[in-house]
Every structure is written in structure tokens, then in C-alpha cells.
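Load the model in your viewer and keep the selection panel open. The stops below are meant to be taken in order.

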Amino acid sequence: MWKRLPLYVKILVGMGFGIIAGLTAVYFELSELTNDWIKPWGDIFLNLLKLIAVPLIFVSLVKGISSLSNISKLSRIGIKTISLYVLSTVIAVSFGLILVNTIEPGNTFPDHKKVELQEKYHTTIDLKKNQASDLKNESPLKFLVDIVPSNFFQAATDNSKMLQIIFFAILFGIAMVILEEKKVKVVRDFFDGIDAIILKIIDIIMLFAPYGVFALISGLIVDFSGDLDLFSALGLYAITVILGLLIMIFVIYPLFLKFFTSVRYTDFYKAISPAQLLAFSTSSSAATLPVTMECVENEIGVANEVASFVLPVGVTINMDGTSCYQAIAAVFIAQVFGVDLDIYDQLIIVVTATLASIGTPGVPGGSIVMLIIVLTSVGIPIEGLALILGIDRPLDMLRTVVNVTGDATVATIVAASEGQLNPVPKIQVKNI
């Protein structure tokens, strides 16, 4: 019976038992047992997903680009992809600003809690401040310099260097398109074989998914068991962020699908639910990429040549959930410290959050450093970061779900516009 269950049901079962195990550990004071003997299995699962992320991105991009008939087709797909990613990011930031200015969660925060949090997280704040300062002192074109790797193999050892891997993969794939077929036939066959091997490795890893999710969730509950009062104090802020993220998932993306594709959004969400659940558990869009690609190609029907380009690029430059969160967090901190932000300041937040999201690594906590850049751009005290660090991880889990959903949505739209969307039988298509 277990073998016949869909993957998303197995992951849900793992999450459910993880919640029960975590609450049981907290109630019976078994936190040490959980951290020593259960949580490590979640770390192993996360490492397995990270292990396959770099080879998957490189091989998928090379295979997808080299399968295109000409450079003009690649340019067309690239322009559509980046334009949609930027548009959705601007929408996410704008909705975040509207919500936080309407609800004003920062005006309800108690003063004694501000002092307590600043003392608790001062070490983390100093570390993030130094990292952000280094980024701010660099040339405005530093992000372009960082995209081009000086050593591909060195970049391949660091999951935060995804843009460098993507750059080399695109360059490699373009060269294969330009060269004569007979000169690259052996290379094409090689990458076809490697791609098949990687996909099989993913299948093997996903057999462990329910158990890995169980370990991750139970460990997370134990880690945050002592911060329930903090959760209560930040409740309105958390609700604002969650509301913004839910608007992206249940309003913006369905509208995108309705206007640009013939795929029913209910079928779409059912198809990508395994990727969403895994994104929620791992807080890493990069780690979730293998499952996202499998769902988009096999469950929705997006052609491999589109999915293998759009999704890896989206892991790095499409961070709708992160952008929405950064806008809300920045104004929330400003409200707490009594910093007035005019229309010009909030426009700066829109631009800065949009640009910062492009360089945000798709790993847990990667958005914190970029948030500091947004804060400093409009003169908001960086110390306010302490106000939100306590509940950043749970919100990070939801942000990642939005990021992954956005990637899948754009991939579906681009495929539909290119005539590369072939819905599988269980996906119903509307009459348009």
C-alpha cells in the first residue's frame, strides 16, 4: 500500500509524523535525543539534494540549450523567462508594501521585546552586517563580475555560486549549437547518458524523502520550542508575511496561468505539490530543483528544452517569496523604530528588493544578507534584524514554496508560448 501512494501523500505523512515526534520530544523533554539521533537524518537528506543540484543544473542547461535549433530561439526563450521573472518579482514587492502599510504590524511591537531581541541576536547581526557591508562597498557591476567564474570546478564546489555554473552551462550549450552536428554528436550522446543517470539518482534519493522530511520537521519543532513567546509577539508581522505569500500563490500565479496558458490552476497545483512540500521542508529552492523539474516535465507536460533552461535560471534570479518578505520586513522594522518612509523610499525598496532577489542564493537563510542591503538603502537601522530572526526559518519555509511555485508557473507559461506544452492525460485543458 505504501508503495502505491503518490509522492506528495508520502511527504505529507512524513510531515505529520514529524510534527507529532517533535511535539512529543518537547513535551517529554527528549530534545537531546531528537537532535542527536533523528535530526541528522534530515541533514543527510538535505545534503543528498544539494549533492545532485549542481550536476543537475549544469547537465540540464547544456542539454536543453544544445537541443535548440538556433541561437535566436534561445534568445527568445531567455527574454521571455527573465521578463516574466522580473514582472512577478515587482508584483510581489508591491503587494508586500501594500499589505505592510495597511496592517502596520510594527506599530504594535512592545519596547521591552526590542531590547531583548537585540541582545540575543547581536552576534548574528554583526556577522550579517559585515557581509552586507562588503557587498555594498563593491562596484555596482560587481554582480556581473561574480557571474563569470575564474574556475568552473571551484564554482561547482559551492552551491551559492549557481549563477557561475549557469553562465558556463549557457556558454557551453551555445557553443554546441553553433558547431556542426557531426563535431558534437559524441558530446550530445554523453550528456544524454549523464542526464539519464542523474534522473535515476533523483528517483533513488526521493525514496528517502518522507523519512528525511520527518527528521527535518521534528528537529525544527524542537529547535524553536523555547521561542513560543517570541512567536506570539511577532504574530501580526508573521500574518502579514504569510498573507502576502498566499496572495502570490492563490491569486497572482493562477491569474498568470489563466491569461497565458490553458492549464487549469487546480491541476497545476496538484502536479507540483511534491515540489511545494519538499520546498517547505528544506527551505531551499536549489535543493528542491530536481523534484521541481520532474513535476514540471512529467506531471504538467513542459518540454525538457524549456524546463531545463527556465527552472535552473529561476533558482537564482526568481525569488518572489523572498522579495515580498523583504519589502514587508523592511517597512515593519522601520515602523518599530519610528522611521518614516515616504513614497520615494518605498520605490527604492521596490527597486532594491527586486535587484537583491536576483543575487539571493537559493539556500536556507540566504535572504537575510540581501535584506540588510534593502534596509541600508533607505536608512533603516540594521539592528532591527534582531526583531525578525527568531521566526525567520518558519517564514523561510513558506517563502521557498512561493519561489518554487513561481519557477514552475513561468516555465509553464514560456512552454505554452513556444508551443512546447504537451499536457499529460491527467491534466485538463480549458477551451480557449
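The tour goes from the whole chain to single helices, then to ring pairs, the core and a few separate sites.

**Whole chain.** Start with a cartoon view of this predicted model. The chain has 21 helices and 0 strands. It comprises 432 residues, of which 53% count as buried. If you draw a contact map and keep contacts between residues at least 6 apart in sequence, 85% of them join residues at least 24 apart.

**Helix 3.** Select residues 39-66, which make up helix 3. Its 28 residues reach 41 Å from the first C-alpha to the last, close to the 40 Å expected at 1.5 Å a residue. Where does helix 3 kink? Centre on Ala53: a kink of about 30 degrees lies there, shortly before the proline Pro55.

**Helix 4.** Move on to residues 71-103, helix 4. At 1.5 Å a residue its 33 residues should span 48 Å, and the end C-alpha atoms are 48 Å apart, so the two values agree. Step just past the end of this helix to Glu104, which takes a positive phi of about 50 degrees.

**Aromatic pairs.** Hide everything but the aromatic side chains; a search of the whole structure finds 16 aromatic pairs. Zoom in on Phe58 and Phe152, a tilted pair with 5.1 Å centre to centre and 45 degrees between the planes. Phe58 belongs to helix 3 and Phe152 to helix 8 (residues 152-155), so this pair links distant parts of the chain, 94 residues apart.

Are these two rings buried or exposed? Phe58 is buried at a relative accessible area of 12%, and Phe152 is buried at 18%, because both values fall under the 20% cut-off.

Keep Phe152 selected and add Phe168. Their ring centres are 4.6 Å apart and their planes meet at 35 degrees, so this pair is tilted as well. Phe168 sits in helix 9 (residues 162-178) and Phe152 in helix 8, so the pair ties together parts 16 residues apart in sequence. Phe168 counts as partly exposed, at 27% relative accessibility. To see the wider group, select Phe58, Phe152, Phe153, Phe168, Phe172, Phe190 and Phe191, which form one aromatic cluster.

**Nonpolar core.** Which residues have the most contacts inside the largest nonpolar core? They are Tyr237, Val310, Ile349 and Ile388, in a core of 113 residues. Helix 3 gives the most to this core, with 12 residues. In soluble globular proteins, nonpolar side chains tend to be buried together.

Centre on Ile388 and show its neighbours. Leaving out residues up to four places away in sequence, Ile388 touches Leu234, Tyr237, Tyr325, Ala329, Phe332, Ile333 and Leu371. From that list, pick Tyr325 and add Arg399, which lies over the face of the Tyr325 ring at 3.7 Å from its centre.

**Helix 15.** For the last stop, select residues 285-300, helix 15, and find Asn298 within it. Asn298 is partly exposed, with a relative accessible area of 45%. Then select Pro423: it is 125 residues from Asn298 along the chain, yet their C-alpha atoms are separated by 8.9 Å.

Technical notes:
Residues numbered from 1 in each chain as written. Predicted model: local features only at pLDDT ≥ 70, side-chain atom pairs only at ≥ 80, totals over all residues. Heavy atoms only, no water. Helix = DSSP H or I, 4+ residues; strand = E, 2+ residues; numbered from the N terminus. Expected span 1.5 Å × (residues − 1). Bend = angle between axes of the 7 residues up to and from the residue. Phe/Tyr/Trp six-rings, centres within 6.5 Å; stacked < 30°, edge-to-face > 60°. Buried < 20%, exposed > 50% of the residue type's maximum accessible area, 1.4 Å probe, protein only. Lys NZ or Arg CZ within 6 Å of the ring centre and 35° of its normal. Core = buried A, V, L, I, M, F, W, Y, C linked by side-chain atoms within 4.5 Å. Contact = heavy atoms within 4.5 Å.
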